[in-house]
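Please open the model in your viewer and keep the sequence panel beside it. The stops below are meant to be selected in the order in which they appear.

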Amino acid sequence: MTAGTTPYRSALPGGPDRFRHLLHAEWTKLRTVPGWVAGLVAAALLTVLFGVLAAAGMPGPCAGGAGGPAGGAADPGDVRAAEDGAGGAGDAACTPPVGPGGETVNDSFYFVHQPLEGDGSITVRITSLTGLVPADDLPDDGGPPAMEPGVEPWAKAGLIVREDTGQGSPYAAVMVTGDHGVRMQHDYVHDTAGGPGGVDDDSPRWLRLTRSGDTLTGHESTDGRHWTEVATVHLDDLPATVEAGLFVASPSATHVDDRPFGLSASGGPTRGTGVFDQVDLVGSWPRDGWRGDHMGDDPVTSSLGEMGEDGGRFTLSGSGDIGPAVGGQAFGSGRTIEQSLVGTFPGLIAVVVVATMFVTAEYRRGLMATTLTAGPRRGRALAAKALVIGGVTFAVALAAAVASVVVGERMARSGGPALSPVGTLTVVRVMVGTAALLAVAAVFALAVGVVLRRSAAAITAVVGLIVLPYILATASVLPGDASDWLLRLTPAAAFSIQQTLPVYHQVSNLYVPANGYYPLAPWAGFAVLGAYAVAALALAARLLHRRDA
Amino acid sequence: MSRRPSPARSPLRDALHAEWTKLRTVAGPAWLLLAAAASTVAVSAASAAAVTHSPGGGQDPTRIALTGVQVGQALVAVLAVVAIGGEYSTRMIGATLTAVPSRTTVLFAKATTVAAAVLAAGLVGVLGSVLAGRLLLPAGGFTPEHGYAPLSLAAGPTLRAAAGSVLYLVLVALLSLGVATAVRDGAAAVGVVLGLLYLFPVTAGLVADPDWERRLRQVSPMEAGLAVQSTVALPDLPVSPWGGVAVLAAWTAAALLSGGLLFHLRDA
């Protein structure tokens, strides 16, 4: 017979309150509440579902741009159509040109050219760069604005060497610009600044572009005798014979409109006119004679291109741009990965609800006392909770983000709008970053739940802090500066982790949140949310210590 | 002797009195109402101070001065959700339904009390915002020289924007009440309400197709409802000012109806 007075002792070995026991306890709590599991599954499903719906709501690659010339400046899509030369009819026009780096580009300009065999150089004097820009006052009938004299700041006149005359061909060019001095640019995305200042009859500019194998060097001079190198670039696998000559381009003007539902840009094609003379060719130029062609098949910019020659003096007029296609989401210039991830927002709300209840439910049901009895060191109990909810959310969100991106890519390939190409590392950053964003938001919600101890108030505070600034910054009447500051100072800054659109300082565009451009770098924005979460956790730990459960 | 209520008193009046007592004697609702009014004024004033007149025109000073409503609505929604969610989380709902067995009466009384409280807070918040806009906007260049009269409720469109904003807050509160009645859980209800309010504008902003974008903005309870704040470029709006309020009212009616129906069909 055993003595009836022997107290029960657990068969489990005794020991210090191991942290992994706390983790195990929190994991058990999370996975055994059907509502929370359902909430996390709903978060993942909503994320993917919204991404699919958003992708289904995309226009075809030709929609919006196809009617370009007739639509006038009121529709932002027209700017793109006029800019990227993809607005014409036909299947080929539905595929915007792609540059050597795989990015969507604009390749639309007036080109006076002839073939160059082997090494050689071309030197020219530019005595003027003038042009036409859309008038500020838009006509009331919504038609295209009238043109008035003026030079688009990024209008370009200069020398270019291209692999061939095909759209998206590799090139190097040295040029004078409307308002940004001399530049050397190559392969659409690269830009090097030369000397400042514009050109006119009193202060002309000499430019020289030299080919030597795969190396191209641009020089500038203000007197034709003293030369300064602007830049040297390498174009890989340049064929023996290239197309070289003079060019003029003038990108579309960008007007900023304050409309009731956010900023929008409109504008219209501009025209640049450059005057070239003292053309000097060195090397083997087999065909003695210049051909003037408009590159790109957009009817609007094509109609603005023309050339005249008078005793070695060339007057070129051109419209369009040689550079990366930009514009962002508002212009619909290709789809971006972040558009496939619009589901982050519903996913975020669901995750915040679950993470908040993960702790507020303990307060409501009095389980908090048990939790703190089992793990009396309160900071560790909180850490265990944060790790579990953060880790589980990260796993679920990563799966959802990967699924969203994969489904978005599939839909893009099966006849949908083209997806802007981005590097593998960027895709990984966006997917991991989205998962991390949701995980940190969950930890933030948990901490605010401890601080406020009320579900409804905590959820509203967290969702309000993360989502509302984003809405105010992207879709409201707030001025640009205020929008930028909202996305620097509030946890909404973290959405910058999803930005894949690069900013090109050499292309005029509205680099604003509404177009998908954030004021902070991806991980810097993410760090803002992280700082909020850490601060909330610190406050929560302190309150847990000071308060009775 | 036990005191019994006189049979002459109507059960609705008793229910209203009971709901008012519940709302009045807990600290939470008072703080929420105060916070809703204060945050509405604060955010409106900050927006009015931040904005500057742009020569291009097309700006809507009235709408800018009422930006705070977008923040105030979240607190108003919490208030409405707590009004019914709190009953379930504390099991008070059993006592409530024992005292007033008619569920329609209970819901009606709750809706009336919440609406009245939000009406009061909304009036304070919106009037404060208009006043802040009147004082702060001229510094940003919204002056008569630029064609902007001082913000005044005597102007028809401004009055409509202000009155519409108060109505908007009341409708959002009732929408939240309906959702919370249907969901019975404060946290989930807040999630659903914030999702309804915020997801439409976010999605519309990321959709590239202009037709889809417009359609989304037309049915969005928040954006359609806030169209009432606009005083310029009305033809450009996806929905007319009062039409937008009607869209929100339809959402509210649907939420209250489904909430009320579930309230009837389910055990508490």
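## Helices and side chains to select

Begin with α11 of chain B, whose buried residues pack against α4, α5 (92–99), α6, α7 and α10 (221–226) of that chain. This is a predicted model, and everything on the tour should be read with that in mind. Helix α11 covers residues 241–265 of chain B, and its 25 residues reach 36 Å from the first C-alpha to the last, close to the 36 Å expected at 1.5 Å a residue. To see the buried side of the packing, show the side chains of B:Val245, B:Leu248, B:Thr252, B:Ala255 and B:Phe263, which are among the buried residues of this helix; B:Pro241, B:Gly244, B:Gly259 and B:Gly260 are buried there as well.

Next select residues 27–50 of chain B, which form helix α2, a run of 24 residues that reaches 34 Å between its end C-alpha atoms, close to the 34 Å expected. Its buried residues include B:Pro29, B:Leu32, B:Leu33, B:Ala36 and B:Ala37, and also B:Ser39, B:Thr40, B:Ser44 and B:Ser47. What covers the buried residues of α2 includes α1 (11–25), α3 (61–65), α4 (69–89) and α6 (103–136) of chain B.

Two of those covering helices, α1 and α6, can now be picked out together, since B:Lys110 in α6 and B:Glu19 in α1 form a pair that links parts of the chain 91 residues apart. The side chains of B:Lys110 and B:Glu19 meet in a salt bridge of 2.6 Å, N to O, and both residues are buried.

Move along chain B to the loop between α7 (156–183) and α8 (186–206), where B:Arg184 is placed. The phi angle of B:Arg184 is near 65 degrees, a positive value in a residue other than glycine, and the residue is partly exposed, with a relative accessible area of 29%.

Now zoom out until chain B is shown as a whole. The chain has 11 helices and zero strands. Its radius of gyration is 20 Å, close to the 18 Å that the globule rule gives for 268 residues, so chain B is as compact as a globular protein of that length. Along the principal axes, its C-alpha atoms fill a box of roughly 75 × 40 × 30 Å. If you colour the chain by accessibility, bear in mind that 54% of its 268 residues count as buried. Of the contacts in chain B with a separation of 6 or more, 75% are between residues 24 or more positions apart.

Turn next to chain A and select A:Lys385 and A:Glu26, which form a salt bridge with the closest N and O atoms 2.7 Å apart. The pair links distant parts of the chain, with A:Lys385 in helix α10 (residues 378–413) and A:Glu26 in helix α1 (residues 19–32), 359 residues apart. A:Lys385 counts as buried at 3% relative accessibility, and A:Glu26 counts as buried at 3% as well. Adding A:Lys29 and A:Glu362 to the selection completes a network of salt bridges that links these residues with A:Glu26 and A:Lys385.

Another pair in chain A is made by A:Asp107 and A:Arg162, whose side chains meet in a salt bridge of 2.8 Å, N to O. A:Asp107 lies in strand β1 (residues 105–107) and A:Arg162 in strand β4 (residues 156–162), so the pair ties together parts that are 55 residues apart in sequence. Both A:Asp107 and A:Arg162 are buried.

How does a buried acidic residue without a salt bridge look, and what is the nearest side chain of opposite charge to A:Asp484? Select A:Asp484 in helix α13 (residues 480–489) of chain A: the nearest such side chain is A:Arg488, 4.4 Å away. Leaving aside neighbours within four places in sequence, A:Asp484 is in contact with A:Pro513 and A:Pro519.

Then select A:Tyr188, in the loop between β6 (182–186) and β7 (190–193) of chain A. Phi of A:Tyr188 is near 75 degrees, again a positive value in a residue other than glycine, and A:Tyr188 is buried, with a relative accessible area of 1%.

Finish at A:Phe495, which is one of the residues that touch the most other members of the largest nonpolar core, a set of 136 residues. Beyond its sequence neighbours up to four places away, A:Phe495 touches residues including A:Phe345, A:Leu348, A:Leu437, A:Ile466 and A:Tyr518. Apart from this core lies another, of 33 residues, among them A:Val112, A:Val124, A:Ala157 and A:Ala244.

Technical notes: Residues numbered from 1 in each chain as written. Chains lettered and ligands numbered in written order. Predicted model: local features only at pLDDT ≥ 70, side-chain atom pairs only at ≥ 80, totals over all residues. Heavy atoms only, no water. Helix = DSSP H or I, 4+ residues; strand = E, 2+ residues; numbered from the N terminus. Expected span 1.5 Å × (residues − 1). Buried < 20%, exposed > 50% of the residue type's maximum accessible area, 1.4 Å probe, protein only. Contact = heavy atoms within 4.5 Å. Core = buried A, V, L, I, M, F, W, Y, C linked by side-chain atoms within 4.5 Å. Lys, Arg positive; Asp, Glu negative; His and termini not counted. Salt bridge = Lys/Arg side-chain N within 4 Å of Asp/Glu carboxyl O. Rg over C-alpha atoms; globule rule 2.2 N^0.38 Å.
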